[in-house]
Amino acid sequence: MSDCITFLLNDKAITADGVDPATTLLDWLRSNPQLRGTKEGCAEGDCGACTVILERLTAAGSIDRRAVTSCILMLGQVDGLGVRTIEGIGAPGTPGHFLQKAMAEGGGTQCGFCTPGFIMAGEALLRANRAPTPHEIHDAIAGNLCRCTGYRPIVAAFQSGATQYRRHADEAGAAPDDLGQRLGAIAATTAGERSFVAPGRGFHAPKSLSQLFALRVRHPEAILVAGATDLGLLAGRDRNPPAELIAVSGVAELNELGSTSKGLTIGAATTYLDALPVLIAVWPELSEYLARFGSAQIRGSGTIGGNLATASPIGDMAPVLMALRAQVRLASAGGERTLPVEDFVVGYRRTALASGEVIRAITIPPRRPGELFVAEKLSRRRDQDISTLTAALRVMMVEGVAQDCSIAFGGMADRVMRAPAVEAALRGTRLLPETLVPARAALAASFAPIDDVRAPAAYRRSAAANLLTRMALKLTRPDLELELDRL
Amino acid sequence: MTTQALAPDAKVHRSLFHDSAREHVTGRAVYVDDIPEPRGLLYAALVTSPVAHGQLRGVDASLARAMPGVHAVITSADIPGRNDIAPIGQGEVLFAEDVVEFCGQPVAAVIADTLDQARKAAAAVRLDIAPLPPVLTISEAIAQQSYVRAPMRLERGDVDAAMAGASHRLSGRFAVGGQEHFYLEGQVAFAWIDEGGAISLHSSTQHPSEVQHICARLLGVSQAEVTVLVRRMGGGFGGKESNASWVAGVAAVACRLTNRPVKLRLPRMTDMVVTGKRHGFLYDYTAGFDDEGRILVLDATLAADAGYSLDMTAGVVSRALTHIDNCYYLPAVRAVGLACKTNTVSNTAFRGFGGPQGVVVMEEVIERIAHVLGRTPEQVRAVNFYGGAGREETPYEQPIRDNVIARVVDEAMRLSDWDTRRAEIAAFNAAHPMIRRGLGLFPLKFGVSFGALHLNQAGALVQVYADGSVRLSHGGTEMGQGLFTKVAQVVATVFGVDLDAIRLSTTSTAEVPNTSATAASTGSDLNGWAAFNAASAIRARMAAVAAAHFDVTPEDLRFANGCVGPAAPDNRSLRFGELAKMAYMQRVQLSESGFYKVPDLHWDGERMKGHPYYYFSYGAAVSEVAVDTLTGEIRVLRADLVQDCGNSLNPAIDVGQIEGAYVQGLGWFVCENLHWDGRGRLRSEGPSTYKIPGSRDVPQMTTRLLEGNPASVATIFRSKGIGEPPLLLATSIWTAVKDALKGLGISTTLPVRLDAPMVAHRVLEEIERLRGGASLT
């Protein structure tokens, strides 16, 4: 028996009856309520034209609003949440209103097709941050492509819209709003395990591990889905989603997030948006690298567990986790086991997950004094791009000499891998560029990268060796500015 | 009225914002796919060739036909008229007949109740293709003399003698890549059956008349049987000229065959695979020059990758050849243009239309000359600029009468604070072990007019209603460039009314016939003049009515601030609406169709001589880049842009065009890399693999419109076209990167040689070559 997908759409409670739960939110918005301000630009989460905001009531009672790409979000995923579209924003006094005015009057639109997506990204930004810096504005719109304006007037409009809004909000205060109450009510009506069934499709949303394990027994062929930033392409771009899906985002045990003396624990269903502050508090060197992970929309949906489970050779998180010597906690009905991340990833898009097992959490050992860290990503575009090459290095320095270290590379093999020979060659050196010759040789002997759309193999070999130099310089020459973006 | 005598409240030369801006920001702007579907609408999906070249032996659609919701599977045999979508030549097919010539070529279309059913069934159509060897690169095409048309040749002087007599000679080879348009709104059209079986279409097209003509050809009906409408596009950039026509053609044919409305919207990946792109070029050149760096002679071959068919390649190559001179006087020149046939998608118009691929030749030559003579490229440019006695005629015999090259270059140098930054950059490069910065200049001359003479015409329809409200239709299309706003400004100026009084009409072949594509930077000039002519005729009739009413001569009347009356101190006036009512009651015609053709153009395509451009647009840019020598990554740090817009119709819109075009050019030069595999399959087929610039890739930009330089010919209000020229300003990024890499080598004997796009792997490869493969640490 099927539940009905229930959510708030622009403040109104909606029950989507008789709908395939794997329909994308975008398709549903455009065809069912015929809200057509939200556009399809790519159907793969890469252009931002379909950006909407998901709203939920946090445990603390505040409202969490995050921009997401509706083209790769399945309708079943919004059960119990609030969805806000371009048609549901812009009331006088709200951020959207000021942004819309600034964009219209400041030349922020030309063809206008990308504009609703930008406005929604801006609305999400200003709801969370009334005084964004240009850097924060770029971060907020890194997932939105515009082909007409050259972006300058958009960034300028975001700045002036934010100023106007801030002035207004400082004077008038926040408008009374019962959205929190409505969100609470929707969350209450959709609590507990949920199952949405349509001809040829099942979409199951357990709320506990035991429910999840029971579902896996009942639907052994079902595919697990968390943020759907990868799997959602099957629904959006390919229009061929799996027949049975188990959405794990609501499983309480997978949403653990905390820092103790034993290190960090990040539940598998934790989104990047939620995990980043916790990670960066301990490893601030990661902030720039992780800000380049996908886009705001992708970080708001995508999960650490999902990124690891796809086992992509160019996944951005795996090299970092390997360098940090993180462990994966796997859970099944039979109990739990723990593996180092490098043993979890066993081949091209293959993991050590046994049938019936799920990733429960990632644990990262605590930082020790003297431990340095650096992560590098090469991609064709700085933002919202899949890596050509990644490298992450954690090293314990004692009196300027490298001791214990771990280094991992992405984009150099069929999977992300540690490079033990490089680690050995680095140990005992002062990490000065001229001492890296053995490490470069070890690197060359460790990997045989491939040619593909992102780069030829020869580039990967040269650039990976040079990343060793760049990482060493960053650790030993803090006076030297090596980031092109900061010039 | 003339275009010179303007009332103080004239609406031209003002920064008014885009007429649809409020609709854009609220999501209320309607694009083709947003129009409510008529009852019974069916969806189309394409079946495309999985191989680059092969004999098509059969199409087995039996499985697809039996699938749920499928109404029809259409192949070439089902086309009621002629299977020909050629925009200019003939014999380019909508659906392949007995041969497939690129990977992605449409072979059939499936028509079904829902989009998903159509796509699923399309995947079930089986194609029987016997593969043939494909030609995949320009070099292979040249080796096999595989061309879509005969080579073109632009020649002046005795090239061989001049070459033999030159004290210095150098030769080289380089290449630039193609470019995907990546309009945010993909190609889309829907067709429905109107009264009496006529077909109407909403099409996202820059060229409604061509959609009409090609649909009529495919359907085997007269052009009057087809109506094409377009209110706006979500971007075009040249990609919605010929490609929009065949997309609409599929919808029209399917509509005829099923007797149901049919929509075809290309999913992004399909769009990127099946629609044409900017032409990549391969260049071989030899230049002769003197001790001062003055060019004496240039002998160059420009080989364009046409793809598998002609499309508009002849025009693109012609424009490349007529832009090879750019700002430089070439006493003797032989430029041969090859239109290479490869088994890839047929390349098409893209903002600049061969101009960008033409101007790079001399920039490369100048860098090389500077390297040989130990001078700066700026010094070599300066001695080669057009100007001075006997140095004012282009190789195609059009004299240059509006030369402001030195002025735009001076302004760009000043704006960029060139000398100071040169010194700063030299100091930075001396100090930094890994990052090199570079500064690059690029001067621009761009010819404005359609290369095909007949396209330099336009029509408009202006209607004044009895209450004084105005409806404006013209043949131009709105793709975001602000054309509708500019043409409305022209009409508002003629009538002396506010823009609000003017209702902009959806572009329709039923209102204005035989229009040209909105392209070639001509939109506002052509359509602005046509609308001006129509509005002026109405105004003259209204003036006669008013003159009789006030008992003055028509010349004494002022149309301003929404009123019409005698000039001060006589303060009598009628509101524009009152006068319209008065004219109507007197049975005065208040509508007019206006027409315009560009004067003074002529062109001999065989000899490549004549006067192809009504005027030239000038510009200059300085870009600064930083290059990471460890990774080959590039960042553009700053851009100072000076662009000639004549007397700009709308400075705010023109600045938007300049910045947007520069960033699009940045994409072409820096990060947009088309990647085909060894079998001719495009692998950069979505935004995850094909990267257009994002907001962070944009440098700090300063843009100046050249002041006090009205067009020297009678363009509309002495403005100049702005759509394409500023894209070429991004050439300064290429010169800046080459500047950054100078002096990197262990010896200075190697000149920097860098193909575009300058993606990281190409830059790192060049760095390693310059260093002779030396270790980088």
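Which residues lie nearest the centre of the largest cavity? They are Ser379(A), Arg380(A), Arg381(A), Glu633(B) and Ile634(B). The model is predicted. This briefing covers its cavities, a helix pair formed between chains A and B, and two sheets of chain A.

**The largest cavity**

- A search of the whole structure turns up 10 cavities of 30 Å³ or more.
- The largest cavity has a volume of about 310 Å³, and 23 residues line it.
- Three elements of chain B each give two or more residues to this lining: strand S28 (634-643), helix H17 (651-671) and helix H19 (760-770).
- By residue class, the lining of the largest cavity holds 11 nonpolar, 4 polar and 8 charged residues.

**The second largest cavity**

- The second largest cavity encloses about 180 Å³ of space.
- It is lined by 19 residues, and Ile85(B), Asn243(B), Trp246(B), Tyr308(B) and Ser346(B) are the closest to its centre.
- Helix H7 (residues 242-258) of chain B supplies the largest share of this lining, 3 residues.
- The lining of the second largest cavity consists of 10 nonpolar, 7 polar and 2 charged residues.

**A helix pair between the chains**

- Two packed helices are described by the angle between their axes and the distance between the axes.
- Helix H17 (residues 457-476) of chain A packs with H19(B) at an angle of about 75°, and their axes are 10 Å apart.
- An angle from 65 to 115 degrees counts as roughly perpendicular, so H17(A) is roughly perpendicular to H19(B).
- On the chain A side, Tyr459(A), Ser462(A), Ala463(A) and Asn466(A) make the contact; in H19(B) they meet Ala760(B), His761(B), Leu764(B) and Glu768(B).
- The residues of this contact between H17(A) and H19(B) comprise 4 nonpolar, 3 polar and 1 charged.
- H19(B) also contributes two or more residues to the lining of the largest cavity.

**The five-strand sheet of chain A**

- In chain A, 5 strands form an open sheet with antiparallel pairing, in the order S10-S11-S16-S12-S13.
- Its edge strands are S10 (257-260) and S13 (335-340) of chain A, each of which pairs on one side only.
- From one strand to the next, the twist averages 20°.
- Strand S12 (residues 327-332) and strand S16 (residues 358-364) of chain A run antiparallel and are joined by 5 bridges.
- Val328(A) stands opposite Ile362(A) in S16(A).
- Helix H7 (residues 209-218) of chain A packs on this sheet and touches S12 and S16 of chain A; the direction of H7(A) makes about 135° with that of S16(A).
- Helix H9 (residues 272-282) of chain A lies across S10, S11 (263-267) and S16 of chain A, and runs at about 170° to S11(A).

**The four-strand sheet of chain A**

- An open sheet of 4 strands in chain A has the order S6-S7-S9-S8, and its pairing is mixed.
- Strands S6 (194-198) and S8 (223-225) of chain A are at the edges with a single partner strand each, so one side of each has no neighbour in the sheet.
- Neighbouring strands of this sheet are turned by 20° against each other on average, direction ignored.
- S8(A) and strand S9 (residues 244-247) of chain A run parallel and are joined by 3 bridges.
- Leu224(A) stands opposite Ile246(A) in S9(A).
- H7(A) packs on this sheet as well, touching S7 (201-205), S8 and S9 of chain A, and its direction makes about 170° with that of S9(A).

How values were computed
Residues numbered from 1 in each chain as written. Chains lettered and ligands numbered in written order. Predicted model: local features only at pLDDT ≥ 70, side-chain atom pairs only at ≥ 80, totals over all residues. Heavy atoms only, no water. 1 Å grid on protein atoms, 1.4 Å probe; cavity = no way out; pocket = protein on both sides within 12 Å on 5 of 7 lines; lining within 4 Å. Points joined across faces, edges and corners; volume = space filled by probe spheres on them. Nonpolar A, V, L, I, M, F, W, Y, C, P; charged D, E, K, R; others polar. Axes fitted to C-alpha atoms, helices over the stretch in contact; angles between N-to-C directions. Parallel < 35°, antiparallel > 145°, perpendicular 65-115°, else oblique. Contact = heavy atoms within 4.5 Å. Pairing = 2+ DSSP bridges.
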